[in-house]
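Here is a short walk through a structure that may be new to you. Take a moment to turn it around on your screen before reading on.

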Amino acid sequence: MDKTDPYELIRAIAEMNPWERAARHNWALLPQTSEEPFIVTFLPEKDRPGPVVGRLLLFPGFALFRDYLISRQVPDFGVGMSPVDFRHYEAVALKDGGVELFSYEPGFVPLPPGSEDRKVLAPLLFECYGMLLRLEEKPDLPLAYVEQKAMFARKEVVDGRWVDGPYRLPEEEVVQQVEKVELRKDACLAAKALPLYPKEIWEIDYVMLPSYRTPGPNPRFLYLLAAINVGTGERMVWEKMSVDGKADGLLRLWEGHAQRLLNAFLRKRRVPGEIHVRSPRMARFLRPLGIQLPFKLVQHAKLPSLEDVLGLAIQTRNV
């Protein structure tokens with residue numbers, strides 16, 4: 001086995017079929033080339049529809065991994081809606097025996113790792129392979145430092161050697177995500193002078209359009225903020241957007257939704273009586289606008305009018 005070839009390493013890992021037993025634990029890898037540890041986690045998927053048997057995820061930094069775990073327990077935490085929205089490397093084993101490797105950046109289409117990323121991945125995957133061999137004899141090895149309130153870690157020392165050791169988790173009393181929604185004062189004042197239509201309802205949602213992406217060597221996902229007038233089916237908001245490549249790109253897109261809805265009120269020259277949303281996340285980002293204007297913000301499990309319009313738009317490629 002060529003331990004410098006990440007694809008050969010993930011094939012060797014996949015042949016061990018480790019997904020169920022390895023999913024019980026996480027551990028850290030601390031290469032000398034990185035200030036942050038890589039946190040290893042496994043996701044078994046053989047019982048789910050689709051071509052994937054299992055995934056091995058490597059998160060660069062404990063805070064990223066922590067936020068990912070919280071998002072799985074609390075779906076509306078932060079702005080990460082799926083693993084695609086968290087920076088990480090991912091090795092995928094397929095049911096047909098194939099393997100794939102991807103590098104994930106929030107808002108960007110995942111791509112196979114480039115040459116520099118492969119150099120980073122190879123030693124990490126080799127250490128994962130070695131850990132899986134050890135787990136066959138000691139299934140609870142990753143719990144070795146639990147009494148020290150530390151995560152099991154493999155640490156690179158000198159001459160490419162790796163040793164066992166504890167990784168002490170950062171001391172954080174509260175996990176807090178800072179979200180800042182800003183509204184233009186002049187737009188708020190203008191909207192307050194608009195008539196309120198008490199019986200008018202708009203349904204609004206924010207979705208990724210996985211079949212659409214920007215051109216170029218580093219394509220980005222396309223997102224759509226869509227609002228529909230329930231009574232007429234008219235598109236009241238229909239704004240496509242993607243991240244700009246700067247820090248916190250997804251967060252900044254979410255932070256702009258309240259202003260985008262406010263702009264729609266001004267364009268349509270009225271304020272609807274109710275705004276219906278699907279998720280607490282959308283309600284959270286629109287609430288500052290609800291403080292300024294007298295519409296009701298209502299959460300529903302489904303948005304049937306919007307779903308019909310979106311479904312037809314995607315089916316007919318009229319997005």
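## Starting with helix α8

Let's begin at α8, where Arg281, Met282, Ala283, Phe285, Leu286 and Leu289 are buried. Keep in mind as you look that this is a predicted model. What covers those buried residues of α8? The cover includes the strands β8 (196-213), β9 (221-229), β11 (271-277) and β12 (296-299), along with the helices α6 and α7.

Helix α8 covers residues 280-292, which makes 13 residues. At 1.5 Å a residue, a helix of that length should span 18 Å, and the end C-alpha atoms are 19 Å apart, so the two values agree. There is still a bend to look for: α8 has a kink of about 45 degrees at Leu286, shortly before the proline Pro288. Leu286 is also one of the buried residues of this helix.

## The other kinked helix to look at, α4

Now move to α4, which takes in residues 115-137, 23 residues in total. The expected span at 1.5 Å a residue is 33 Å, and the end C-alpha atoms lie 34 Å apart, which agrees. Where does α4 bend? A kink of about 30 degrees sits at Leu121, shortly before the proline Pro123.

Quite a list of residues in α4 is buried: Leu121, Ala122, Leu124, Leu125, Glu127, Cys128, Tyr129, Met131, Leu132 and Leu135. The glutamate Glu127 is on that list, and Glu127 also turns up among the contacts of Trp162.

## The whole chain

Time to zoom out. The chain holds nine helices and 12 strands. Its C-alpha atoms fill a box of roughly 70 × 45 × 35 Å, taken along the principal axes.

Of the 319 residues in the chain, 47% are buried. Among contacts with a separation of 6 or more, 60% are between residues 24 or more positions apart.

## The largest pocket

If you look for openings, the largest pocket has a volume of about 640 Å³. How many residues line it? The lining has 26 residues, and Leu64, Val79, Asp85, Pro106 and Asp248 are the ones that lie nearest the centre of the pocket.

By type, the lining divides into 12 nonpolar, six polar and eight charged residues. Two helices, α3 (62-73) and α6 (249-255), each supply at least two of the lining residues. You have already met α6, as part of what covers the buried residues of α8.

## Two buried residues

Is Trp162 buried or exposed? Trp162 has 12% relative accessibility, and because buried means under 20%, Trp162 counts as buried. This tryptophan sits in strand β7 (residues 162-168). Leaving out residues up to four places away in sequence, Trp162 touches Leu29, Leu30, Pro31, Pro123, Leu124, Glu127, Arg154, Lys155 and Glu156. Pro123 is the proline that comes shortly after the kink in α4. For a sense of distance, Trp162 and Met282 are 120 residues apart along the chain, with 45 Å between their C-alpha atoms.

Ser71 is found in helix α3. With a relative accessible area of 11%, Ser71 is buried too. Beyond residues up to four places away in sequence, Ser71 touches Phe77, Gly80 and Phe86.

## Loops and odd angles

Two loop residues have a backbone angle worth a look. Asn17 lies in the loop between α1 (6-15) and α2 (19-22), and its phi is near 50 degrees, a positive value in a residue other than glycine. At 49% relative accessibility, Asn17 counts as partly exposed. Lys149 lies in the loop between α4 and β6 (150-156), and phi of Lys149 is near 55 degrees, again positive in a residue other than glycine. Lys149 counts as exposed, at 73% relative accessibility.

Gly114 belongs to the loop between β5 (99-104) and α4. This glycine counts as partly exposed, at 34% relative accessibility. Gly114 and Glu156 are 42 residues apart in sequence and 23 Å apart in space, C-alpha to C-alpha.

## One last stop, Arg267

Finish in helix α7 (residues 257-268), where you'll find Arg267. Not counting residues up to four places away in sequence, Arg267 touches Met236 and Glu239. From Arg267 to Ser115 is 49 Å, C-alpha to C-alpha, and the two are 152 residues apart in sequence.

Methods: Residues are numbered from 1 along each chain as its sequence is written. This is a predicted model: local features need pLDDT of at least 70, side-chain atom pairs count only at pLDDT 80 or more; totals for chains, interfaces and linings use all residues. Side-chain values use heavy atoms; hydrogens and water are left out. On a 1 Å grid over the protein atoms alone, a cavity is a set of points where a 1.4 Å probe fits but cannot get out, and a pocket is an open set with protein on both sides within 12 Å along at least five of seven lines; lining residues have an atom within 4 Å of a point. Grid points are joined across faces, edges and corners, and a volume is the space filled by probe spheres set on the points. Helices (H or I, at least four residues) and strands (E, at least two) are DSSP runs, numbered from the N terminus. Ala, Val, Leu, Ile, Met, Phe, Trp, Tyr, Cys and Pro count as nonpolar, Asp, Glu, Lys and Arg as charged, and the others, Gly among them, as polar. Contact means heavy atoms within 4.5 Å. Buried means under 20% relative accessible area, exposed over 50%, partly exposed in between (1.4 Å probe, protein chains only). The expected span of a helix is 1.5 Å times one less than its number of residues. The bend at a residue is the angle between axes fitted to the seven residues ending there and the seven starting there.
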